[in-house]
Structures are given as structure tokens and as C-alpha cells.
Amino acid sequence: MYTDTSVNQPRRPITLSKLRKMKQAGEKFTCLTCYDATFTYAMNQAGVETILVGDSLGMVVQGQDSTLPVTIDDMCYHTAAVKRGNGHAFILADMPFMSYSTPNQALENAAKLMQAGAHMVKLEGGAWLADTVKLLSERGIPVCAHLGLTPQAVHKLGGYKVQGQDQTQAELIHQESLALVEAGADILLYECIPSALGKTLTEAMPVPVIGIGAGAATDGQVLVMHDMLGVNIGRPARFVKNFLTDGRTIEQAFAAYVAAVKDGSFPAPEHTFDA
């Protein structure tokens with residue numbers, strides 16, 4: 001009797017070139033935050049393509065009221081833990097607050113994250129990061145640039161507010177994105193921007209685009225793991241959906257998230273922002 005063993009076959013590692021091909025083919029990919037080996041393994045089993053070791057660990061793991069207290073040592077510790085549990089996923093690691101204030105400081109700290117197991121580092125900011133992105137790229141360190149709502153600048157922004165709602169802001173995000181891609185950014189991540197802007201940017205940018213609260217048109221979607229499992233503290237953000245429902249196990253919740261992103265049912269209109 002024939003037995004399909006394909007589900008037990010090891011998946012091929014997700015690489016940057018694979019993510020580029022997925023964008024070109026119009027195939028959506030998924031990303032979840034993760035901070036340890038066990039959940040990383042479960043995400044691998046569910047088919048999550050990319051994992052973000054987020055400085056969100058400051059809030060969901062450490063109990064801080066923002067991401068600002070997180071250190072580079074914290075990030076290296078959790079990146080190494082994720083690496084140990086990983087089989088095929090592409091690992092991004094956040095550069096924490098004030099760990100990349102100069103290009104040389106960024107290079108030193110990015111090297112630590114790569115040595116801990118990251119495949120790419122993520123930085124928050126606009127065109128002012130161009131020299132830093134260029135330096136990292138020249139040294140062989142892939143970069144994800146995070147624009148829109150940048151949580152490390154929450155006090156400067158005046159809170160967790162949707163960005164790019166007027167034409168001037170939207171055009172600035174567009175131009176800064178182009179500058180960062182020209183400097184060598186390999187992925188762009190947009191947080192809390194209108195869905196129409198998310199669509200425009202995804203179509204205009206030559207690199208894969210990940211969104212969180214950026215509409216359904218982005219190439220990839222990311223959520224904080226605790227949020228999509230419904231164990232977040234306080235009121236969940238508009239872009240959050242709880243997938244740990246209907247009697248699912250955690251691994252089944254991860255798989256449901258993957259399926260929803262792939263078939264376009266997540267994010268739904270109620271999870272997005274209008275200009």
C-alpha cells in the first residue's frame with residue numbers, strides 16, 4: 001500500500017534568493033517572532049518560512065513596557081536559542097535600541113548577531129541608515145530595513161500611531177525605502193501603514209516586503225507569536241488575529257496562520273488601516 005511520506009521529508013532551507021523568487025512568483029510567505037528553541041521547532045514543523053527574533057522579547061518575555069531596555073546581549077542569547085531549534089527557516093534578528101547609532105557600532109553588533117545564528121539583521125529607521133546599510137551589505141551582512149511605525153522611536157513618534165496617512169508622509173516613506181534599497185537593504189518591513197500604501201510600496205520595491213498592519217498586498221506577513229496565540233497582555237492591536245482557537249494545538253495554530261496568509265484570508269479588512 002502506498003504511503004505518502006512527504007510530510008516527513010526535510011524541507012529545503014529558506015534563503016534570501018528563495019524569498020526573492022517567491023516575490024517574483026507572487027507567492028506569499030510567513031514570518032513569526034520567536035525567542036527559543038522549542039517554539040522554533042514547532043514553527044518549522046508548521047511551515048513558517050521566516051522567523052524574527054524580535055526585540056519585542058522585552059515586552060512579551062521580560063515584561064518591560066517597551067522594547068528600549070533590550071540589549072545586544074539579550075538579542076544574541078535568544079538568537080542562539082532559536083538557531084538551535086531551527087531546521088529550515090530564515091532567521092532575522094533585531095538590532096536593539098542604540099546598538100546601531102553609528103555604522104561602525106552597527107557592524108560590530110551585527111557581527112555578533114550573525115555569529116549567534118542570524119541570517120539577517122533588522123534595523124529601524126529611514127534614509128539616515130543608508131551609510132550603515134551600505135557598510136553592512138558590503139561586509140556580507142544581509143539587512144532588513146523597518147519603516148513606518150518604528151517602536152524604538154515610540155517616544156519621538158508620540159505613541160503607537162499609524163504612519164503614512166497623508167501624502168507627504170507616504171511619499172517620504174517611499175523615498176526613504178528607495179534610498180535604503182539602493183544602499184543594499186535586502187528586505188523591507190512596514191509596520192502600521194495604510195493598506196493602499198502597503199500595496200503601492202510592495203509593487204514598487206524590487207526586494208521582498210513584509211508587513212505587520214500594512215495590508216494584505218505585502219509579500220510576507222509577520223505577527224508577534226504571543227499575539228497570534230492570544231496570550232498578549234492588554235488590548236490587542238487592530239492587525240492581530242488569534243489563531244489558537246477551535247481546539248487547535250499550538251503547532252496547528254502556526255499552520256493555520258501559514259494557510260491564512262497563503263490563501264489571502266489574513267489579513268482581512270478588519271486587520272488593516274485606511275488612509
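This note reviews helix packing, aromatic pairs and empty spaces in a predicted model.

1. Helix α2. This helix covers residues 37–46. Its buried residues are Thr-40, Ala-42, Met-43, Asn-44 and Ala-46. They pack against two strands, β1 (29–33) and β2 (50–53), and against the helices α4 (72–85), α10 (225–228) and α11 (250–263). An α-helix has 3.6 residues a turn, so residues three or four places apart point the same way.

2. The ends of α2. At the start of the helix, a side-chain oxygen of Asp-36 comes to within 3.3 Å of the backbone nitrogen of Thr-38. At the other end, α2 is followed by Gly-47, which has a positive phi, near 90°.

3. Thr-40 as an example. Is Thr-40, a residue of α2, buried or exposed? Thr-40 counts as buried because its relative accessibility is 0%, and the cut-off for buried is under 20%. A polar atom of the Thr-40 side chain lies 2.6 Å from the backbone oxygen of Asp-36. Asp-36 therefore appears twice in this account, through its side-chain oxygen at the start of α2 and through its backbone oxygen beside Thr-40, under a limit of 3.5 Å for a polar contact. When neighbours within four places in sequence are left aside, Thr-40 is in contact with Cys-34, Ile-51, Val-82, Gly-85 and Asn-86.

4. Helix α6. In this helix, residues 130–138, the buried positions are Ala-130, Thr-132, Val-133, Leu-135 and Leu-136. The elements that cover them include the helices α5 (103–116) and α8 (167–183) and the strands β4 (120–124) and β5 (143–148). Gly-140 follows α6, and its phi is positive, near 85°.

5. Aromatic pairs: Tyr-100 and Trp-128. The model has 4 aromatic pairs. In one of them, the ring centres of Tyr-100 and Trp-128 are 6.4 Å apart and the planes meet at 10°, so this pair is stacked. The pair links distant parts of the chain, 28 residues apart: Tyr-100 is in the loop between β3 (90–94) and α5, and Trp-128 is in the loop between β4 and α6. Tyr-100 is buried, with a relative accessible area of 4%, whereas Trp-128 is exposed, with a relative accessible area of 53%.

6. Aromatic pairs: Phe-243 and Phe-266. Here the ring centres are 5.5 Å apart and the planes stand at 85°, so the pair is edge-to-face. Phe-243 lies in the loop between α10 and α11, and Phe-266 in the segment after α11, so the pair ties together parts that are 23 residues apart in sequence. Both Phe-243 and Phe-266 are buried. Together with Tyr-257, they form one aromatic cluster.

7. The cavity. How many cavities of 30 Å³ or more are there? The count is 1, and the largest cavity has a volume of about 50 Å³. Its lining has 13 residues, of which Ile-212, Gly-213, Gln-221, Phe-239 and Pro-267 are the closest to its centre. The strands β7 (209–212) and β8 (220–223) each supply at least two residues of this lining, with the largest share, 3 residues, coming from β8. By class, the lining has 7 nonpolar, 6 polar and no charged residues.

8. The largest pocket. This pocket holds about 850 Å³ of space. Of its 38 lining residues, Met-59, Glu-191, Val-224, Asp-227 and Phe-239 are the closest to its centre. Two or more lining residues come from each of α3 (57–60), β4, β6 (187–191), β8 and α10. The lining comprises 20 nonpolar, 8 polar and 10 charged residues. Phe-239 is listed both among the residues closest to the centre of the cavity and among those closest to the centre of this pocket.

9. The second largest pocket. About 470 Å³ of space lies in this pocket. Which residues lie nearest its centre? Among its 20 lining residues they are Gly-125, Gly-126, Trp-128, Thr-150 and Ala-153. The elements β5, α7 (154–157) and α8 each supply at least two lining residues, and α8 gives the most, with 4 residues. The lining has 9 nonpolar, 8 polar and 3 charged residues. Trp-128, named here as a lining residue, is also the exposed partner in the stacked pair with Tyr-100.

Terms used. Residues numbered from 1 in each chain as written. Predicted model: local features only at pLDDT ≥ 70, side-chain atom pairs only at ≥ 80, totals over all residues. Heavy atoms only, no water. Buried < 20%, exposed > 50% of the residue type's maximum accessible area, 1.4 Å probe, protein only. Contact = heavy atoms within 4.5 Å. Polar contact = N/O pair within 3.5 Å; in protein donor to acceptor, adjacent residues only side chain to side chain. 1 Å grid on protein atoms, 1.4 Å probe; cavity = no way out; pocket = protein on both sides within 12 Å on 5 of 7 lines; lining within 4 Å. Points joined across faces, edges and corners; volume = space filled by probe spheres on them. Nonpolar A, V, L, I, M, F, W, Y, C, P; charged D, E, K, R; others polar. Phe/Tyr/Trp six-rings, centres within 6.5 Å; stacked < 30°, edge-to-face > 60°.
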